[in-house]
Amino acid sequence: MKRGPLFEKQVVVYLRRVFGDAIERRVMGGRNDRGDVAGVYWHGRPFVVEVKNRARIELAAWMDELEAECGNADTDLGAVVFHRKGRGAKSMGDQYVLMDLRTLCRLLGADDGEL
């Protein structure tokens, strides 16, 4: 299995352990992509999870992709989970998460009118 799909599977296994069996990998979505993981919600709102395991870190491109996927999923909440070199399946909680500041503020309880 290639390292991208393998990492996606590892992320899903971790999220299932934390949140339950409703978490699952999505099939490739093409131009209507809504992220790599389904079944993640925050206060009933869909939360897009895009997963990356690449040798080269491309934060801006990943955020642009996430923004498009959030639009496809009709939500403004999402994050990119990306591989931390040297950390594997036994340390999935150590992986990196990328999101914009607005999303962080929403998760911390900011009123959308303040953003």
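This report describes a network of salt bridges and the packing of one helix in a predicted model.

## The salt-bridge network

Across the whole structure, a search identifies nine salt bridges. Among the residues involved, R45, D76, R106 and D112 are joined in a network of such contacts.

The pair D76 and R45 has its closest N and O atoms 2.4 Å apart. This salt bridge connects distant parts of the chain, since D76 sits in the loop between helix 2 (59-72) and strand 6 (78-82), R45 belongs to strand 4 (residues 45-46), and 31 residues separate the two. R45 also meets D112 in a salt bridge, with an N to O distance of 3.9 Å. D112 is found in the segment after helix 3 (101-107) and R45 in strand 4, so this pair ties together parts that lie 67 residues apart in sequence.

D76 has a further salt-bridge partner in R106, with the closest N and O atoms 3.2 Å apart. Because R106 is in helix 3 and D76 is in the loop between helix 2 and strand 6, the contact ties together parts that are 30 residues apart in sequence.

## Accessibility of the network residues

Which class of accessibility does R106 fall into, buried or exposed? With a relative accessibility of 10%, R106 counts as buried, because the cut-off for that class is under 20%.

The other members of the network are assigned as follows. D76, at 30% relative accessibility, counts as partly exposed. R45 is also classed as partly exposed, at 27%, and D112 is partly exposed at 38%.

## Helix 2: span and faces

Helix 2 comprises 14 residues, and the distance from its first C-alpha to its last is 20 Å, close to the 20 Å expected at 1.5 Å a residue. Just after this helix, D74 adopts a positive phi of about 55°.

The buried residues of helix 2 are W62, M63, L66, E69 and C70. Viewed down the helix axis, these buried residues fall within an arc of 120°, and they therefore line one face of helix 2. An α-helix has 3.6 residues a turn, so residues three or four places apart point the same way. On the other side of helix 2, the residues A60, D64, E67 and G71 are exposed.

## Packing of the buried face

Against which elements do the buried residues of helix 2 pack? Their partners are strand 5 (48-52), strand 6 and strand 7 (96-98). Strand 6 also bounds the loop that carries D76, with helix 2 on the other side of that loop.

Key: Residues numbered from 1 in each chain as written. Predicted model: local features only at pLDDT ≥ 70, side-chain atom pairs only at ≥ 80, totals over all residues. Heavy atoms only, no water. Salt bridge = Lys/Arg side-chain N within 4 Å of Asp/Glu carboxyl O. Helix = DSSP H or I, 4+ residues; strand = E, 2+ residues; numbered from the N terminus. Buried < 20%, exposed > 50% of the residue type's maximum accessible area, 1.4 Å probe, protein only. Expected span 1.5 Å × (residues − 1). Arc of directions from axis to C-beta. Contact = heavy atoms within 4.5 Å.
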